Amino acid sequence: MLENNIFNMAESVLGPSRKRGQDDDPALICDEEIVTYRQLWDRVNQAGNAFIKFDISSGDRAILMVRDTPEFFYVYLGLMKIGAVPIAINLRLNPSDIAYTMNDSQAKAIILDDVFLSAYQSISEDVDLEPEIIVTDINHSDLIYLPEIMEVESIELKPVKLKQEDPALWMYSSGTTGKPKGVIHSQKLILGADYLMGDVLGVGPGDRIFGSSKLFFAFSLAHCFLAPIKLGATVILYPDWPDAEAVANVVQRHKPTILLSVPTFYRNMLREGVANKSEFRNVRCYITAGEKLPLKLFNLWLEATNRPILEGIGATETCFLFLANRPDNINAGTCGIPTPETEVKLISNVGEIITKPDVPGVLWVKMDSVASGYWNMEEATNEVFKDGWYCTNDMFTFDASGHFEYHGRIDDILKISGQWVSPIEIEEEVLKNKLISEAAIVGVPNQDGLIRLALFIVVPELTGSKETFEKELIGSLKTSLSIYKCPRKIYFLEEMPLTATGKLQRFVLRDLVKCL
(Lines give C-alpha, C1' and ligand atoms only; values in the text may rest on other atoms or scores of the structure.)
Protein backbone atom coordinates (compact mmCIF):
# COMPACT_ATOMS: atom_id res chain seq x y z
CA MET A 1 0.00 0.00 0.00
CA LEU A 2 1.20 3.50 -0.77
CA GLU A 3 0.46 6.89 0.76
CA ASN A 4 -2.64 9.03 0.31
CA ASN A 5 -4.95 6.09 -0.25
CA ILE A 6 -3.10 5.11 -3.44
CA PHE A 7 -2.82 1.36 -3.80
CA ASN A 8 -0.71 -1.32 -5.33
CA MET A 9 -1.61 -4.79 -4.15
CA ALA A 10 1.83 -6.29 -4.77
CA GLU A 11 3.36 -3.61 -2.56
CA SER A 12 0.66 -4.26 0.05
CA VAL A 13 1.46 -7.97 0.07
CA LEU A 14 5.26 -7.75 0.11
CA GLY A 15 5.85 -4.43 1.86
CA PRO A 16 5.09 -5.50 5.47
CA SER A 17 7.82 -8.18 5.46
CA ARG A 18 10.42 -5.55 4.53
CA LYS A 19 9.27 -3.31 7.37
CA ARG A 20 9.45 -6.23 9.82
CA GLY A 21 13.03 -7.00 8.77
CA GLN A 22 12.17 -10.43 7.40
CA ASP A 23 14.57 -10.41 4.45
CA ASP A 24 16.24 -13.65 5.54
CA ASP A 25 13.06 -15.43 6.65
CA PRO A 26 11.70 -18.18 4.38
CA ALA A 27 8.75 -16.97 2.32
CA LEU A 28 8.31 -20.08 0.17
CA ILE A 29 9.27 -23.73 0.50
CA CYS A 30 8.90 -25.93 -2.56
CA ASP A 31 10.42 -29.39 -2.16
CA GLU A 32 14.16 -28.67 -1.64
CA GLU A 33 13.96 -25.00 -2.67
CA ILE A 34 13.66 -22.24 -0.08
CA VAL A 35 12.96 -18.68 -1.20
CA THR A 36 13.58 -15.93 1.34
CA TYR A 37 11.50 -12.79 1.53
CA ARG A 38 14.39 -10.77 0.06
CA GLN A 39 14.71 -13.20 -2.83
CA LEU A 40 10.97 -13.07 -3.39
CA TRP A 41 11.08 -9.28 -3.44
CA ASP A 42 13.95 -9.19 -5.91
CA ARG A 43 12.47 -11.80 -8.26
CA VAL A 44 9.07 -10.15 -8.30
CA ASN A 45 10.76 -6.91 -9.33
CA GLN A 46 12.78 -8.67 -12.02
CA ALA A 47 9.63 -10.31 -13.38
CA GLY A 48 7.80 -7.00 -13.42
CA ASN A 49 10.65 -5.28 -15.25
CA ALA A 50 10.77 -8.11 -17.78
CA PHE A 51 7.06 -7.85 -18.50
CA ILE A 52 7.40 -4.12 -19.12
CA LYS A 53 9.99 -4.89 -21.82
CA PHE A 54 7.34 -6.98 -23.59
CA ASP A 55 4.89 -4.07 -23.54
CA ILE A 56 2.71 -5.45 -20.77
CA SER A 57 1.48 -2.48 -18.81
CA SER A 58 -1.18 -1.18 -16.43
CA GLY A 59 -4.61 -2.66 -17.06
CA ASP A 60 -3.37 -5.39 -19.41
CA ARG A 61 -4.55 -8.91 -18.61
CA ALA A 62 -2.26 -11.93 -18.53
CA ILE A 63 -3.35 -15.55 -18.21
CA LEU A 64 -1.38 -17.84 -15.88
CA MET A 65 -1.21 -21.60 -16.28
CA VAL A 66 1.50 -22.12 -13.69
CA ARG A 67 1.65 -24.87 -11.09
CA ASP A 68 2.14 -24.14 -7.39
CA THR A 69 5.81 -23.17 -7.63
CA PRO A 70 7.77 -20.05 -6.67
CA GLU A 71 7.35 -18.87 -10.28
CA PHE A 72 3.61 -18.48 -9.65
CA PHE A 73 4.46 -15.85 -7.03
CA TYR A 74 7.05 -14.07 -9.15
CA VAL A 75 4.68 -13.81 -12.10
CA TYR A 76 1.54 -12.97 -10.14
CA LEU A 77 3.07 -10.27 -7.97
CA GLY A 78 5.29 -8.99 -10.79
CA LEU A 79 2.24 -8.37 -12.95
CA MET A 80 0.37 -6.63 -10.15
CA LYS A 81 3.33 -4.42 -9.30
CA ILE A 82 3.31 -2.94 -12.83
CA GLY A 83 -0.46 -2.51 -12.70
CA ALA A 84 -1.24 -5.45 -14.98
CA VAL A 85 -3.96 -7.94 -14.07
CA PRO A 86 -3.04 -11.61 -13.45
CA ILE A 87 -5.68 -14.25 -14.20
CA ALA A 88 -4.71 -17.69 -12.87
CA ILE A 89 -7.01 -20.21 -14.52
CA ASN A 90 -7.94 -23.77 -13.68
CA LEU A 91 -5.11 -26.01 -14.83
CA ARG A 92 -7.61 -28.70 -15.80
CA LEU A 93 -9.67 -26.56 -18.14
CA ASN A 94 -10.46 -28.17 -21.43
CA PRO A 95 -8.89 -26.47 -24.48
CA SER A 96 -12.13 -24.82 -25.61
CA ASP A 97 -12.52 -23.12 -22.22
CA ILE A 98 -8.90 -21.94 -22.38
CA ALA A 99 -9.68 -20.32 -25.73
CA TYR A 100 -12.88 -18.80 -24.34
CA THR A 101 -11.03 -17.33 -21.37
CA MET A 102 -8.25 -15.92 -23.54
CA ASN A 103 -10.77 -14.24 -25.83
CA ASP A 104 -13.14 -13.08 -23.11
CA SER A 105 -10.34 -11.46 -21.11
CA GLN A 106 -8.50 -10.17 -24.19
CA ALA A 107 -5.30 -11.34 -22.55
CA LYS A 108 -2.10 -9.77 -23.79
CA ALA A 109 0.07 -12.65 -22.60
CA ILE A 110 -0.15 -16.24 -21.48
CA ILE A 111 2.46 -17.38 -18.98
CA LEU A 112 2.62 -21.11 -18.52
CA ASP A 113 4.57 -24.17 -17.51
CA ASP A 114 5.76 -26.35 -20.37
CA VAL A 115 3.33 -29.13 -19.44
CA PHE A 116 0.44 -26.86 -20.51
CA LEU A 117 2.04 -25.57 -23.69
CA SER A 118 0.56 -28.20 -26.01
CA ALA A 119 -2.95 -27.54 -24.67
CA TYR A 120 -2.60 -23.88 -25.52
CA GLN A 121 -1.03 -24.52 -28.89
CA SER A 122 -3.94 -26.77 -29.83
CA ILE A 123 -6.32 -23.78 -29.60
CA SER A 124 -3.97 -20.92 -30.45
CA GLU A 125 -5.63 -20.40 -33.83
CA ASP A 126 -8.95 -19.87 -32.03
CA VAL A 127 -7.51 -17.03 -29.95
CA ASP A 128 -8.45 -13.61 -31.32
CA LEU A 129 -5.34 -11.74 -30.24
CA GLU A 130 -1.72 -12.83 -30.60
CA PRO A 131 -0.57 -12.92 -26.97
CA GLU A 132 3.02 -13.17 -25.84
CA ILE A 133 3.76 -16.77 -24.88
CA ILE A 134 6.11 -16.98 -21.90
CA VAL A 135 7.24 -20.39 -20.63
CA THR A 136 8.39 -20.69 -17.02
CA ASP A 137 10.44 -23.86 -16.84
CA ILE A 138 11.78 -25.13 -20.21
CA ASN A 139 13.66 -23.08 -22.77
CA HIS A 140 12.19 -23.30 -26.28
CA SER A 141 14.23 -21.52 -28.92
CA ASP A 142 11.16 -19.93 -30.50
CA LEU A 143 9.42 -18.84 -27.28
CA ILE A 144 10.11 -16.45 -24.41
CA TYR A 145 11.78 -18.16 -21.44
CA LEU A 146 10.91 -16.59 -18.07
CA PRO A 147 14.22 -17.21 -16.20
CA GLU A 148 16.18 -15.82 -19.14
CA ILE A 149 14.24 -12.58 -19.36
CA MET A 150 14.26 -12.14 -15.57
CA GLU A 151 17.97 -12.67 -14.92
CA VAL A 152 19.06 -9.57 -16.87
CA GLU A 153 16.58 -7.25 -15.18
CA SER A 154 17.03 -4.91 -12.24
CA ILE A 155 15.92 -5.91 -8.77
CA GLU A 156 14.54 -2.41 -8.29
CA LEU A 157 11.01 -1.59 -9.46
CA LYS A 158 8.68 1.17 -8.38
CA PRO A 159 5.07 0.05 -8.04
CA VAL A 160 2.47 1.60 -10.31
CA LYS A 161 0.23 3.84 -8.25
CA LEU A 162 -3.42 2.81 -8.45
CA LYS A 163 -6.70 3.63 -6.76
CA GLN A 164 -8.62 1.29 -4.48
CA GLU A 165 -11.24 0.71 -7.18
CA ASP A 166 -8.74 -0.14 -9.94
CA PRO A 167 -8.57 -3.81 -10.97
CA ALA A 168 -5.92 -5.93 -9.25
CA LEU A 169 -6.72 -9.50 -10.32
CA TRP A 170 -9.39 -11.51 -12.03
CA MET A 171 -10.63 -15.00 -11.35
CA TYR A 172 -12.92 -17.04 -13.54
CA SER A 173 -15.84 -18.83 -11.91
CA SER A 174 -16.20 -22.56 -12.39
CA GLY A 175 -18.80 -22.20 -15.11
CA THR A 176 -21.18 -24.85 -13.70
CA THR A 177 -24.18 -22.87 -14.95
CA GLY A 178 -22.77 -21.84 -18.32
CA LYS A 179 -19.58 -20.25 -19.58
CA PRO A 180 -17.13 -19.10 -16.88
CA LYS A 181 -17.61 -15.56 -15.59
CA GLY A 182 -14.67 -13.20 -15.21
CA VAL A 183 -14.76 -11.95 -11.61
CA ILE A 184 -13.05 -8.58 -11.26
CA HIS A 185 -11.32 -7.90 -7.94
CA SER A 186 -10.05 -4.42 -7.19
CA GLN A 187 -6.99 -3.26 -5.28
CA LYS A 188 -8.94 -2.97 -2.02
CA LEU A 189 -9.26 -6.76 -1.92
CA ILE A 190 -6.04 -6.88 0.08
CA LEU A 191 -7.68 -4.98 2.96
CA GLY A 192 -9.39 -8.26 3.88
CA ALA A 193 -6.17 -10.26 4.20
CA ASP A 194 -5.55 -9.71 7.91
CA TYR A 195 -8.99 -10.33 9.34
CA LEU A 196 -9.33 -14.12 9.55
CA MET A 197 -5.76 -15.32 9.16
CA GLY A 198 -4.24 -12.56 11.28
CA ASP A 199 -6.81 -11.26 13.76
CA VAL A 200 -8.54 -14.59 14.44
CA LEU A 201 -5.93 -17.28 13.79
CA GLY A 202 -2.87 -15.24 14.77
CA VAL A 203 -0.84 -16.14 11.68
CA GLY A 204 2.52 -14.43 11.52
CA PRO A 205 6.29 -14.96 11.19
CA GLY A 206 7.19 -18.54 12.08
CA ASP A 207 3.93 -20.01 10.85
CA ARG A 208 3.92 -22.43 7.92
CA ILE A 209 0.85 -22.56 5.71
CA PHE A 210 -0.09 -25.42 3.40
CA GLY A 211 -3.21 -25.98 1.32
CA SER A 212 -4.09 -29.05 -0.71
CA SER A 213 -6.14 -26.96 -3.16
CA LYS A 214 -4.27 -25.29 -6.01
CA LEU A 215 -3.47 -21.57 -5.92
CA PHE A 216 -5.75 -20.69 -8.83
CA PHE A 217 -8.74 -21.40 -6.56
CA ALA A 218 -9.96 -18.44 -4.51
CA PHE A 219 -9.75 -20.44 -1.25
CA SER A 220 -6.02 -21.02 -1.68
CA LEU A 221 -5.16 -17.75 -3.42
CA ALA A 222 -6.56 -15.81 -0.47
CA HIS A 223 -5.44 -17.98 2.44
CA CYS A 224 -2.30 -19.72 1.11
CA PHE A 225 -0.82 -16.77 -0.78
CA LEU A 226 -2.10 -13.24 -0.21
CA ALA A 227 -2.75 -13.38 3.54
CA PRO A 228 0.26 -15.50 4.63
CA ILE A 229 2.79 -13.46 2.64
CA LYS A 230 1.33 -10.18 3.89
CA LEU A 231 1.48 -11.53 7.45
CA GLY A 232 5.07 -12.80 7.12
CA ALA A 233 4.40 -16.54 7.30
CA THR A 234 6.00 -19.26 5.17
CA VAL A 235 3.99 -20.84 2.35
CA ILE A 236 4.62 -24.53 1.61
CA LEU A 237 4.13 -25.40 -2.06
CA TYR A 238 3.36 -28.72 -3.73
CA PRO A 239 3.46 -28.36 -7.53
CA ASP A 240 1.55 -31.52 -8.49
CA TRP A 241 -1.99 -32.63 -7.69
CA PRO A 242 -1.70 -34.13 -4.21
CA ASP A 243 -3.26 -37.26 -2.83
CA ALA A 244 -3.59 -38.25 0.82
CA GLU A 245 -0.11 -39.77 0.95
CA ALA A 246 1.44 -36.64 -0.60
CA VAL A 247 -0.21 -34.43 2.01
CA ALA A 248 1.03 -36.74 4.75
CA ASN A 249 4.56 -36.43 3.38
CA VAL A 250 4.29 -32.64 3.37
CA VAL A 251 3.04 -32.62 6.94
CA GLN A 252 5.84 -34.94 8.06
CA ARG A 253 8.60 -33.15 6.18
CA HIS A 254 7.69 -29.45 6.35
CA LYS A 255 5.55 -29.36 9.51
CA PRO A 256 2.82 -26.85 8.61
CA THR A 257 1.16 -25.04 11.48
CA ILE A 258 -1.98 -24.26 9.42
CA LEU A 259 -3.43 -26.74 6.92
CA LEU A 260 -6.29 -25.95 4.54
CA SER A 261 -8.21 -28.54 2.56
CA VAL A 262 -11.70 -29.45 1.35
CA PRO A 263 -13.93 -31.98 3.16
CA THR A 264 -13.41 -34.64 0.50
CA PHE A 265 -9.68 -34.52 1.08
CA TYR A 266 -10.04 -34.78 4.85
CA ARG A 267 -12.24 -37.83 4.25
CA ASN A 268 -9.59 -39.36 1.98
CA MET A 269 -6.87 -38.81 4.57
CA LEU A 270 -8.98 -40.59 7.17
CA ARG A 271 -9.90 -43.39 4.80
CA GLU A 272 -6.27 -44.04 3.86
CA GLY A 273 -5.13 -43.90 7.49
CA VAL A 274 -2.66 -41.04 7.16
CA ALA A 275 -4.54 -38.74 9.56
CA ASN A 276 -3.62 -41.06 12.42
CA LYS A 277 0.07 -40.25 12.07
CA SER A 278 1.50 -38.32 15.00
CA GLU A 279 2.58 -35.36 12.84
CA PHE A 280 -1.06 -34.45 12.20
CA ARG A 281 -1.50 -33.75 15.90
CA ASN A 282 1.19 -31.06 15.68
CA VAL A 283 -0.74 -28.95 13.15
CA ARG A 284 -2.14 -26.03 15.11
CA CYS A 285 -5.19 -25.39 12.98
CA TYR A 286 -7.17 -27.16 10.25
CA ILE A 287 -9.47 -25.14 7.98
CA THR A 288 -11.99 -26.28 5.40
CA ALA A 289 -14.34 -24.72 2.85
CA GLY A 290 -15.70 -25.51 -0.59
CA GLU A 291 -18.54 -27.78 0.53
CA LYS A 292 -20.35 -28.59 3.75
CA LEU A 293 -18.33 -30.54 6.32
CA PRO A 294 -20.45 -33.46 7.57
CA LEU A 295 -20.65 -33.67 11.36
CA LYS A 296 -19.59 -37.31 11.14
CA LEU A 297 -16.39 -36.30 9.36
CA PHE A 298 -15.72 -33.54 11.89
CA ASN A 299 -15.93 -36.06 14.74
CA LEU A 300 -13.75 -38.67 13.02
CA TRP A 301 -11.04 -36.09 12.32
CA LEU A 302 -11.15 -34.82 15.90
CA GLU A 303 -10.77 -38.38 17.15
CA ALA A 304 -7.82 -39.06 14.84
CA THR A 305 -5.86 -35.83 15.34
CA ASN A 306 -7.20 -34.29 18.53
CA ARG A 307 -7.68 -31.15 16.43
CA PRO A 308 -11.02 -29.78 15.18
CA ILE A 309 -11.56 -28.69 11.59
CA LEU A 310 -12.68 -25.08 11.39
CA GLU A 311 -15.37 -24.93 8.73
CA GLY A 312 -15.99 -21.73 6.79
CA ILE A 313 -17.35 -20.57 3.48
CA GLY A 314 -16.31 -18.07 0.86
CA ALA A 315 -16.77 -17.52 -2.86
CA THR A 316 -14.82 -16.54 -5.93
CA GLU A 317 -16.66 -13.22 -5.66
CA THR A 318 -15.31 -12.58 -2.13
CA CYS A 319 -11.97 -14.40 -2.36
CA PHE A 320 -11.68 -14.53 1.44
CA LEU A 321 -14.01 -16.52 3.71
CA PHE A 322 -17.01 -14.53 4.94
CA LEU A 323 -18.13 -17.04 7.57
CA ALA A 324 -15.85 -19.20 9.69
CA ASN A 325 -15.65 -21.12 12.92
CA ARG A 326 -12.95 -19.95 15.31
CA PRO A 327 -10.63 -21.88 17.62
CA ASP A 328 -12.47 -20.48 20.65
CA ASN A 329 -15.94 -20.54 19.10
CA ILE A 330 -16.70 -23.78 17.27
CA ASN A 331 -20.16 -25.02 16.41
CA ALA A 332 -19.64 -28.20 14.43
CA GLY A 333 -22.02 -28.60 11.52
CA THR A 334 -22.16 -24.85 10.87
CA CYS A 335 -20.04 -22.45 8.82
CA GLY A 336 -19.47 -20.36 11.93
CA ILE A 337 -19.96 -16.63 12.37
CA PRO A 338 -19.06 -13.65 10.17
CA THR A 339 -15.34 -13.03 9.84
CA PRO A 340 -14.09 -9.69 11.24
CA GLU A 341 -15.27 -6.59 9.37
CA THR A 342 -17.85 -8.67 7.48
CA GLU A 343 -21.57 -7.88 7.43
CA VAL A 344 -24.14 -10.51 6.49
CA LYS A 345 -27.89 -10.61 6.14
CA LEU A 346 -30.47 -13.25 5.26
CA ILE A 347 -33.20 -12.26 2.83
CA SER A 348 -36.49 -14.18 2.69
CA ASN A 349 -38.27 -15.20 -0.51
CA VAL A 350 -40.44 -12.07 -0.16
CA GLY A 351 -37.43 -9.77 0.14
CA GLU A 352 -37.49 -9.17 3.90
CA ILE A 353 -34.48 -9.31 6.23
CA ILE A 354 -34.74 -12.35 8.50
CA THR A 355 -34.23 -11.55 12.18
CA LYS A 356 -35.36 -14.77 13.85
CA PRO A 357 -33.23 -17.94 14.25
CA ASP A 358 -33.87 -21.08 12.21
CA VAL A 359 -35.66 -19.28 9.37
CA PRO A 360 -34.05 -20.01 5.96
CA GLY A 361 -33.03 -17.24 3.62
CA VAL A 362 -30.52 -16.21 0.98
CA LEU A 363 -27.24 -14.90 2.36
CA TRP A 364 -25.92 -11.49 1.32
CA VAL A 365 -22.37 -10.43 2.24
CA LYS A 366 -20.60 -7.09 2.58
CA MET A 367 -16.82 -6.99 3.09
CA ASP A 368 -13.70 -5.26 1.76
CA SER A 369 -12.94 -8.09 -0.63
CA VAL A 370 -16.27 -8.22 -2.47
CA ALA A 371 -15.60 -8.10 -6.21
CA SER A 372 -16.60 -5.11 -8.28
CA GLY A 373 -18.51 -7.25 -10.76
CA TYR A 374 -18.29 -9.58 -13.75
CA TRP A 375 -16.42 -8.69 -16.90
CA ASN A 376 -18.72 -7.71 -19.76
CA MET A 377 -21.79 -9.06 -17.93
CA GLU A 378 -23.78 -6.06 -16.76
CA GLU A 379 -27.05 -7.90 -16.16
CA ALA A 380 -25.40 -10.68 -14.12
CA THR A 381 -23.44 -8.06 -12.16
CA ASN A 382 -26.55 -6.06 -11.31
CA GLU A 383 -28.33 -9.20 -10.10
CA VAL A 384 -25.85 -10.05 -7.35
CA PHE A 385 -23.78 -6.91 -6.62
CA LYS A 386 -25.75 -4.06 -5.00
CA ASP A 387 -24.44 -1.14 -2.94
CA GLY A 388 -21.35 -3.04 -1.81
CA TRP A 389 -23.32 -6.23 -1.03
CA TYR A 390 -22.93 -9.56 -2.80
CA CYS A 391 -25.77 -12.08 -3.08
CA THR A 392 -24.27 -15.55 -2.59
CA ASN A 393 -27.37 -17.42 -3.83
CA ASP A 394 -26.73 -19.79 -0.91
CA MET A 395 -29.46 -20.76 1.54
CA PHE A 396 -28.64 -20.43 5.24
CA THR A 397 -30.22 -20.31 8.66
CA PHE A 398 -28.66 -18.94 11.82
CA ASP A 399 -29.16 -20.32 15.31
CA ALA A 400 -29.67 -18.58 18.64
CA SER A 401 -25.91 -18.26 19.12
CA GLY A 402 -25.43 -16.55 15.74
CA HIS A 403 -23.81 -19.48 13.89
CA PHE A 404 -24.85 -19.89 10.27
CA GLU A 405 -25.75 -23.27 8.81
CA TYR A 406 -25.48 -23.92 5.09
CA HIS A 407 -28.43 -25.57 3.36
CA GLY A 408 -27.21 -25.57 -0.23
CA ARG A 409 -27.46 -23.45 -3.34
CA ILE A 410 -30.83 -21.98 -4.21
CA ASP A 411 -30.92 -24.34 -7.18
CA ASP A 412 -30.32 -27.33 -4.88
CA ILE A 413 -33.25 -26.65 -2.55
CA LEU A 414 -36.15 -28.89 -3.53
CA LYS A 415 -39.90 -28.60 -3.12
CA ILE A 416 -41.38 -32.00 -2.28
CA SER A 417 -45.09 -32.43 -1.58
CA GLY A 418 -45.39 -28.67 -1.24
CA GLN A 419 -42.58 -28.49 1.36
CA TRP A 420 -39.11 -27.03 0.94
CA VAL A 421 -36.40 -29.64 1.51
CA SER A 422 -32.65 -29.15 2.00
CA PRO A 423 -30.62 -32.07 0.59
CA ILE A 424 -27.94 -31.41 3.19
CA GLU A 425 -30.31 -32.07 6.10
CA ILE A 426 -31.13 -35.51 4.69
CA GLU A 427 -27.50 -36.28 3.85
CA GLU A 428 -26.45 -35.53 7.43
CA GLU A 429 -29.07 -37.98 8.69
CA VAL A 430 -27.96 -40.66 6.22
CA LEU A 431 -24.32 -40.27 7.26
CA LYS A 432 -25.19 -41.26 10.82
CA ASN A 433 -25.07 -44.81 9.50
CA LYS A 434 -21.50 -45.90 10.26
CA LEU A 435 -21.15 -47.96 7.09
CA ILE A 436 -21.92 -45.01 4.78
CA SER A 437 -18.92 -42.83 3.97
CA GLU A 438 -20.57 -40.46 1.47
CA ALA A 439 -24.15 -39.49 0.68
CA ALA A 440 -25.88 -37.16 -1.77
CA ILE A 441 -29.52 -36.32 -2.42
CA VAL A 442 -30.89 -35.05 -5.73
CA GLY A 443 -34.37 -34.35 -6.98
CA VAL A 444 -35.59 -36.10 -10.12
CA PRO A 445 -39.01 -36.04 -11.79
CA ASN A 446 -41.15 -39.17 -11.73
CA GLN A 447 -43.47 -40.29 -14.52
CA ASP A 448 -46.04 -37.69 -13.44
CA GLY A 449 -43.45 -34.90 -13.54
CA LEU A 450 -43.38 -34.54 -9.75
CA ILE A 451 -40.00 -34.13 -8.06
CA ARG A 452 -38.97 -37.01 -5.86
CA LEU A 453 -35.81 -37.70 -3.91
CA ALA A 454 -33.05 -40.04 -5.01
CA LEU A 455 -30.23 -40.93 -2.64
CA PHE A 456 -26.72 -41.87 -3.74
CA ILE A 457 -24.41 -43.53 -1.21
CA VAL A 458 -20.90 -44.92 -0.97
CA VAL A 459 -20.64 -47.94 1.33
CA PRO A 460 -17.03 -49.21 1.20
CA GLU A 461 -17.47 -52.10 3.64
CA LEU A 462 -20.90 -53.43 2.74
CA THR A 463 -21.02 -57.14 3.63
CA GLY A 464 -24.66 -58.14 3.09
CA SER A 465 -26.94 -57.59 0.12
CA LYS A 466 -27.69 -54.11 -1.19
CA GLU A 467 -31.41 -54.85 -1.06
CA THR A 468 -31.31 -55.64 2.66
CA PHE A 469 -29.15 -52.62 3.43
CA GLU A 470 -31.46 -50.35 1.43
CA LYS A 471 -34.56 -51.64 3.22
CA GLU A 472 -32.97 -51.15 6.65
CA LEU A 473 -31.72 -47.67 5.77
CA ILE A 474 -35.09 -46.45 4.50
CA GLY A 475 -36.75 -47.86 7.61
CA SER A 476 -34.29 -45.98 9.80
CA LEU A 477 -34.79 -42.72 7.92
CA LYS A 478 -38.57 -42.97 8.27
CA THR A 479 -38.16 -42.93 12.04
CA SER A 480 -36.04 -39.76 12.03
CA LEU A 481 -37.29 -37.73 9.05
CA SER A 482 -40.67 -36.51 7.86
CA ILE A 483 -42.03 -38.91 5.27
CA TYR A 484 -41.69 -36.39 2.40
CA LYS A 485 -37.95 -36.13 3.19
CA CYS A 486 -37.35 -39.84 2.79
CA PRO A 487 -35.81 -40.87 -0.55
CA ARG A 488 -37.86 -43.07 -2.85
CA LYS A 489 -34.83 -44.76 -4.40
CA ILE A 490 -31.26 -45.49 -3.31
CA TYR A 491 -28.30 -45.90 -5.66
CA PHE A 492 -24.95 -47.40 -4.67
CA LEU A 493 -21.74 -45.85 -6.09
CA GLU A 494 -18.06 -46.66 -5.81
CA GLU A 495 -17.30 -42.93 -5.56
CA MET A 496 -19.07 -39.60 -5.94
CA PRO A 497 -18.57 -37.42 -9.04
CA LEU A 498 -16.52 -34.42 -7.96
CA THR A 499 -15.09 -31.28 -9.53
CA ALA A 500 -11.35 -30.56 -9.44
CA THR A 501 -11.99 -28.60 -6.22
CA GLY A 502 -13.67 -31.59 -4.56
CA LYS A 503 -17.22 -30.24 -4.90
CA LEU A 504 -20.07 -32.62 -5.57
CA GLN A 505 -21.46 -32.58 -9.13
CA ARG A 506 -25.17 -33.05 -8.46
CA PHE A 507 -26.05 -32.63 -12.12
CA VAL A 508 -24.04 -35.78 -12.87
CA LEU A 509 -26.08 -37.67 -10.29
CA ARG A 510 -29.33 -36.43 -11.84
CA ASP A 511 -28.15 -37.68 -15.21
CA LEU A 512 -27.27 -41.05 -13.67
CA VAL A 513 -30.84 -41.50 -12.47
CA LYS A 514 -31.99 -41.28 -16.07
CA CYS A 515 -29.50 -43.98 -17.03
CA LEU A 516 -29.77 -46.45 -14.18
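## Close-up views of a predicted model

**View 1. Q46 is a buried residue on a helix.** With a relative accessibility of 14%, Q46 counts as buried, because buried means under 20%. Please keep in mind that this is a predicted model. Q46 belongs to helix α2, which covers residues 37-53. Which residues does Q46 touch, not counting those up to four places away in sequence? They are M150, E151, E153, S154 and I155.

**View 2. Strands β5, β6 and β7 run side by side.** Begin with strand β5 (residues 109-112), which pairs with strand β6 (residues 132-135) in the parallel sense, over four bridges. Here L112 faces V135 of β6. Next comes strand β7 (residues 144-145), parallel to β6 and joined to it by two bridges. Look for V135 once more: its bridge partner in β7 is Y145. V135 therefore makes a handy landmark in this view, since it stands opposite L112 and is also the bridge partner of Y145.

**View 3. Two aromatic pairs show two kinds of ring geometry.** There are 20 aromatic pairs in the structure. In one of them, the ring centres of W170 and Y172 are 6.5 Å apart and the planes meet at 55°, so this pair is tilted. Both partners are tucked away: W170 is buried at 2% relative accessibility, and Y172 is buried with a relative accessible area of 13%. How are the rings of Y374 and F385 arranged? Their centres lie 5.3 Å apart with planes at 70°, so the pair is edge-to-face. Y374 sits in strand β19 (residues 373-374) and F385 in strand β20 (residues 385-386), so the pair ties together parts that are 11 residues apart in sequence. Y374 is buried at 9% relative accessibility, and F385 is buried too, with a relative accessible area of 12%.

**View 4. Two lysines lie over aromatic faces.** K345 is placed over the face of W389, 4.2 Å from the ring centre. In a second example, K489 lies over the face of Y491, at 6.0 Å from the ring centre.

**View 5. M197 has many neighbours.** You will find M197 in helix α7, made of residues 195-200. Is M197 buried or exposed? Its relative accessible area is 1%, so M197 is buried. Leaving out residues up to four places away in sequence, M197 touches G202, V203, I209, H223, A227, P228, L231 and I287. The C-alpha atoms of M197 and C224 are 9.8 Å apart in space, although the two residues are 27 apart in sequence.

**View 6. Nonpolar residues gather in cores.** In soluble globular proteins, nonpolar side chains tend to be buried together. The largest nonpolar core here has 130 residues, and L40, F51, F72, F73, F225, L226 and I229 are those with the most contacts inside it. Helix α8 (residues 218-231) supplies the largest share of this core, 10 residues. Now zoom in on L226: aside from neighbours within four places in sequence, this residue is in contact with M9, V13, L169, L189, I190, L221 and F320. Another core, of 24 residues, lies apart from the largest one and includes V251, M269, F280 and F298.

**View 7. Four aromatic residues form a cluster.** Ring pairs link F72, F73, Y76 and F225. Three of these names may ring a bell: F72, F73 and F225 are among the residues with the most contacts inside the largest nonpolar core.

Definitions and conventions. Residues numbered from 1 in each chain as written. Predicted model: local features only at pLDDT ≥ 70, side-chain atom pairs only at ≥ 80, totals over all residues. Heavy atoms only, no water. Pairing = 2+ DSSP bridges. Phe/Tyr/Trp six-rings, centres within 6.5 Å; stacked < 30°, edge-to-face > 60°. Buried < 20%, exposed > 50% of the residue type's maximum accessible area, 1.4 Å probe, protein only. Lys NZ or Arg CZ within 6 Å of the ring centre and 35° of its normal. Contact = heavy atoms within 4.5 Å. Core = buried A, V, L, I, M, F, W, Y, C linked by side-chain atoms within 4.5 Å.
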